[in-house]
Amino acid sequence: MAEEATNADQNEQGNEPHGENPPVDWEAKYRDAVSHSREWEKRAKDNKTAADELEKLKESQLSESEKAAKRIKELEAKNAAYEAERQRNEWKAQVSKETGVPADLLHGDSLESMTEYAKRLDQWAHPKPKGMPDQGRTPRNKPKGQETRDFANLMFSNN
């Protein structure tokens, strides 16, 4: 009797494919992922709020001299950026005047790089002509159909 039960179990298992996974409930997985995402979004917003409050607290505890030093540092950084932009604009104007390339097409961080870029751009916009081969020489062969024209001239000439 035990053998019959074992054989029956083997027959049932033999009819089903081995290693088949049960179907996946994708909708449940999606809902789970969305809820997980919402949870982390809420945590991130809470952390942002806490970080903003901490920043305000730190700023309120700074002394007047520290606040002034921070402000000076920010202004110096802005000034350096403006100076760099002014220098680049001067270089663009100079290179544009020298090469004839419009200043708004130029870019680069140094005078040399802008000059090199302007030369390449000018060469692309105004390629040098390559000329024709054998320019200035007398042709070696007669033009096509010249024999026919010579024959027609000979036939109808008044000689």
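A salt bridge is here a side-chain nitrogen of Lys or Arg within 4 Å of a carboxyl oxygen of Asp or Glu. The structure above is a predicted model, and a search of the whole of it finds eleven salt bridges.

**Exercise 1.** Decide which residue pairs with E41 in a salt bridge, and place the two partners in the secondary structure.

*Solution.* Step one is the distance: the side chains of E41 and R38 meet at 3.6 Å, N to O, and because the cut-off is 4 Å, the pair qualifies as a salt bridge. Step two is the location, since E41 and R38 both belong to helix α2, which covers residues 26–61, and the three residues that set them apart amount to about one turn of that helix. Step three is the surroundings: E41 has a relative accessibility of 34% and is therefore partly exposed, whereas R38, at 53%, counts as exposed. Step four widens the view, for R38 and E41 are linked with K45 in a network of salt bridges.

**Exercise 2.** For the salt bridges of D46 and D52, find the partner of each residue and the spacing along the helix.

*Solution.* Begin with D46, which forms a salt bridge with K42, the closest N and O atoms lying 3.5 Å apart. Both residues are in helix α2, four residues apart, or about one turn of the helix. D46 is partly exposed, with a relative accessible area of 42%, while K42 reaches 55% and so counts as exposed. Turn next to D52, whose side chain meets that of K48 in a salt bridge at 3.0 Å, N to O. D52 and K48 also lie in helix α2, again with four residues, about one turn, between their positions. The relative accessible area of D52 is 34%, which means that D52 is partly exposed. As a general remark, side chains of opposite charge can pair when their charged atoms come close.

**Exercise 3.** List the members of the largest nonpolar core, state which helices supply at least two residues each, and describe the contacts of V95.

*Solution.* The largest nonpolar core consists of six residues, namely W91, V95, V101, L106, M114 and A118. Helices α3 (64–99) and α4 (111–125) each supply at least two residues of this core. For V95, set aside the neighbours within four places in sequence; the residues then in contact with V95 are G100, L106, L111, M114, T115 and A118. In general, nonpolar side chains of soluble globular proteins tend to be buried together.

Key: Residues numbered from 1 in each chain as written. Predicted model: local features only at pLDDT ≥ 70, side-chain atom pairs only at ≥ 80, totals over all residues. Heavy atoms only, no water. Core = buried A, V, L, I, M, F, W, Y, C linked by side-chain atoms within 4.5 Å. Buried < 20%, exposed > 50% of the residue type's maximum accessible area, 1.4 Å probe, protein only. Contact = heavy atoms within 4.5 Å.
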